[in-house]
Amino acid sequence: MAHEIIATGRSRTGIPTGRLAVWWVIGSEILIFGGLISCYLLNRFNHGPSWSVEAANTNTFIGACNTFWLLTSSLFVVFAHAASEKHDAKKTRIWIWLTILLGGFFMGFKTYEYTTEIQHGFTLFTSNFWSFYYTATGLHGFHVVCGMVIMGIIAENDIKHERNWHRVENIGLYWHFVDIIWIFLFPLMYIAK
Amino acid sequence: MAEVTHVDGAHDAHHEHHKPSFWSKYVFSTDHKMIALQYMFTGMAMALIGGYFAYVFRMQLAFPGASIPFFGTLSPAAYNSLVTNHGTIMIFWVAMPVLIAAMGNFLIPLMIGCDDMVFPRVNRLSYQIFLLSAIILIISFFVPGGGFGGAWTAYPPLSAKAEFNATPFGAPMWLIAVTLEIVAFLLGGINFITTVMNARAKGMRMYDIPIIVWMIVIASILFMCSVGPLIAGAVMLLFDQTLGTGFFDGTAGGDPVLWQHLFWFFGHPEVYVVLLPAMGIVGEITCTFARKKLFAYKLILYSTIGLGILSFFVWAHHQFISGVDPRAAYLFTTTTLLISIPVAIVLFAYIATLYGGSIRFTTAMLFALAFTGEFLLGGVTGIWLGSSGVDVYLHDTYFVLAHFHYTFVPIAIIATFAAVYYWYPKMFGRKMNETWGKIHFWGTIVSFNGIFIPLFILGAGGQHRRIYNFQHYPDLAGADMQDMRVFATLSLIVMLAFQVIFIVNFFVSLKRGEKVGNNPWKANTLEWVATSPAPHGNFGATMPEVYRGPYEFSVEGREEDYWPQNEKPSES
């Protein structure tokens, strides 16, 4: 890149531009998941009993474990941010990698979960409950993977220049958002039977 | 990346030294003006494709079964595909890129006085995704089975199952293209919103922002808030099409009407997403050429915000005959009638701006005035269709079609032309030929009315929208009705022919147009401070500061009848 853009450095609202944009991204993501979850809820209200029978087959224990991994990882990303505020590159990097590790646990458990469910005959096509289940958790899982990749890039690349450290906070915001989506999905898909 | 950070006013000097190659200047540029031009030219090319489609299917309706010049005979399946893709292209690949993306990209940084968007590379990515989506759509016309033919609204079950729509590849490709296009505009929209929030010139307060910038930002927010559920819906529909899930399949426990809700929850705000930039363009031009302050700036702004909020509560007026509860229909009728109030406020504020002004009838002004008049017709017929009782009769007739063309043509065609004639000097440093511009104007406006006034009459007479050959229906095959169809088709050919004048004028003026200074129209907003065409970085060494609102025309006690936003008060 040839030169620094003046516009990027300005901040008339007082909020750094990057963080402002992340908030708008989160806003648009909320509407995507909001649309999906609303559709699920409307269907669930219409087909109450039959969907409850289907929902009884989800594995609440694995769902709970995954909730635990994600919540803990959110804590770790907060530690990463705190370390970056203290200008401690080494600690920031460690905490980010621990966050990624827990994201990996989440995805690993999810893989096991999907595999067993498919082996028991609950596929994307079994019924509309399962279609929604795989679409919603799959889309969420995709966001988890994206977050992990971005965190990897930040930990290995952006961490080298202190002027890019605000990205640790930005990815933290995103990661909390991914976490909160799961907080909605977990009761809707696993607890409500 | 350069390691130094720059403050306002310290323009990067070393950048001027190395000359960029063709690729980095025109294709992979991150400069907002170049990206705006990329969007504009892509949009214009797509408009030609969409116009050609309209020509082909109008010829079929006027002369059913005849061989069409430059096409050949048209099969029913190809007819459906052309109609569908005409709508899709004109909304997603013409109105959106030209009005929001090209105008937003070109005007926002210039008008708020900064050197670029806050995220130039996201901006470039946005265009690249958009271009990819256009390419996918064009390829979809040539795959086995042909392009998708289930209408631009893509209602399931027709859109969900290849056994119904007979386009096993066209339908998913259409859906993927639309989704990618939406992603491109989400990226662009976030860029626009953050840029205006954070990168305004020193001294530019909320009410000093030109009205078109407000309109584009509000449109971007509307787009962002309405499109999310449709993205989820598009994923679900794509699974229905390609994997065989049953989200929208009634026989598998799904609900086809759910798609209609998701689509129109986006689709209706989308009308305002493209309307708002058009109204902003018209506002700017009306002020400049009436030499008068914009009437009721704050009222226009607050009406627009109210309009944006209301636009989320009108969507089911598209579904009055889809089994929507009559009590809900009553509510949606009410909100639909209500939403005409803020639109009318804005249009009447523009008319009030004209009152007592000294009007200059440039080509841009003619187009702007035509927008106000023609859009009014579209808006008024919208009130008929928004009333559920009338809509039950008129639904899916040519009356609906004529109505929304009376809104979309003023938005996507007339306002766009106004903008091109008005900002052309800033884009290329020369003016377009005014005489040819006026010929183009009259040819376009007269033939446009020639197309759609007959279609209102035909629609009220019961002519259904989605019929390949009206001769198969005795009630619709009368000679008087057929004459009107032929008249509309001939008007379309005249309208298309007049666009040749525009295209020639556009490209000839690039080389031969009259060279003009920085501010040929004597306007106040900041883009006219930059040199024409604006260089990389827009304002050179010193970024402008803002001292007053954007519409200080004909201020008493001043020698000049305009007062640029950046002129220091002491200089007056």
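**Stop 1: chain B as a whole**

Select chain B and colour it by secondary structure: you will find 15 helices and 0 strands. Its radius of gyration is 24 Å, close to the 25 Å that the globule rule gives for 572 residues, so chain B is as compact as a globular protein of that length. Keep in mind as you look around that this is a predicted model.

Turn chain B along its principal axes, and its C-alpha atoms fill a box of roughly 75 × 55 × 50 Å. Buried residues make up 55% of the 572 residues here. Among contacts in chain B with a separation of 6 or more, 82% are between residues 24 or more positions apart.

**Stop 2: the nonpolar core**

Which residues have the most contacts inside the largest nonpolar core? Select A95(B), V213(B), F367(B) and A418(B), and you have them; the core itself has 232 residues. Now centre the view on F367(B). Leaving aside residues up to four places away in sequence, F367(B) touches I414(B), F417(B), A418(B), Y421(B) and F441(B). A general point goes with this view: in soluble globular proteins, nonpolar side chains tend to be buried together.

**Stop 3: helix α4 of chain B**

Next, select residues 120-140 of chain B, which form α4. This helix has 21 residues and reaches 31 Å from its first C-alpha to its last, close to the 30 Å expected at 1.5 Å a residue. Show its side chains and pick out the buried ones, among them P120(B), N123(B), R124(B), Y127(B), F130(B) and L137(B). What covers the buried residues of α4(B)? Add α2 (32-62), α3 (76-112) and α6 of chain B to the view, as these are included in the cover.

**Stop 4: helix α8 of chain B**

Move on to α8(B), residues 256-290. With 35 residues, α8(B) reaches 51 Å between its first and last C-alpha, close to the 51 Å expected at 1.5 Å a residue. Where does α8(B) bend? Click on W264(B), where the bend is about 30°. Bring back the rest of the model and the helix is hard to see: 30 of the 35 residues of α8(B) are buried, so it is largely enclosed by the rest of the structure.

Step along to the residue that follows α8(B), which is R291(B). Its phi is near 50°, a positive value in a residue other than glycine. R291(B) sits in the loop between α8 and α9 (297-310) of chain B. It is partly exposed, with 15 other C-beta atoms within 10 Å.

**Stop 5: another positive phi, and two cis bonds**

Most residues other than glycine have a negative phi, and most peptide bonds are trans. Here are some places to compare with that rule.

- Select A166(B): this residue is not a glycine, yet has a positive phi of about 60°. A166(B) lies in the loop between α5 and α6 of chain B, and is partly exposed, with 17 other C-beta atoms within 10 Å.
- Select P156(B) and P157(B): the peptide bond from one to the other is cis, with omega near 5°. P157(B) is in the loop between α4 and α5 (162-165) of chain B.
- Select S532(B) and P533(B): they are joined by a cis peptide bond with omega about -10°. P533(B) lies in the segment after α15 of chain B.

**Stop 6: helix α15 of chain B**

Go back along the chain to α15(B), residues 479-512. At 1.5 Å a residue, its 34 residues should span 50 Å; the end C-alpha atoms are 49 Å apart, which agrees. Its buried residues include M484(B), R485(B), L492(B), M495(B) and F502(B). To see what the buried residues of α15(B) pack against, show α2 and α14 (434-460) of chain B.

**Stop 7: chain A**

Now switch to chain A, which has 7 helices and 0 strands. Its C-alpha atoms fill a box of roughly 60 × 35 × 25 Å along the principal axes. Of the 193 residues in chain A, 37% are buried.

**Stop 8: where the chains meet**

Finally, show both chains together. How many residues does each chain give to the contact? Chain B gives 46 residues and chain A gives 34. On the chain B side, the elements that give two or more residues are α6 (170-198), α7 (211-242) and α8 (256-290). The largest share of that side, 10 residues, comes from α7(B). Colour the chain B side by residue type to see 28 nonpolar, 13 polar and 5 charged residues.

Technical notes: Residues numbered from 1 in each chain as written. Chains lettered and ligands numbered in written order. Predicted model: local features only at pLDDT ≥ 70, side-chain atom pairs only at ≥ 80, totals over all residues. Core = buried A, V, L, I, M, F, W, Y, C linked by C-beta atoms within 7 Å. Buried ≥ 20, exposed ≤ 12 C-beta atoms within 10 Å, placed from the backbone. Contact = placed C-beta atoms within 7 Å. Helix = DSSP H or I, 4+ residues; strand = E, 2+ residues; numbered from the N terminus. Nonpolar A, V, L, I, M, F, W, Y, C, P; charged D, E, K, R; others polar. Expected span 1.5 Å × (residues − 1). Rg over C-alpha atoms; globule rule 2.2 N^0.38 Å. Bend = angle between axes of the 7 residues up to and from the residue.
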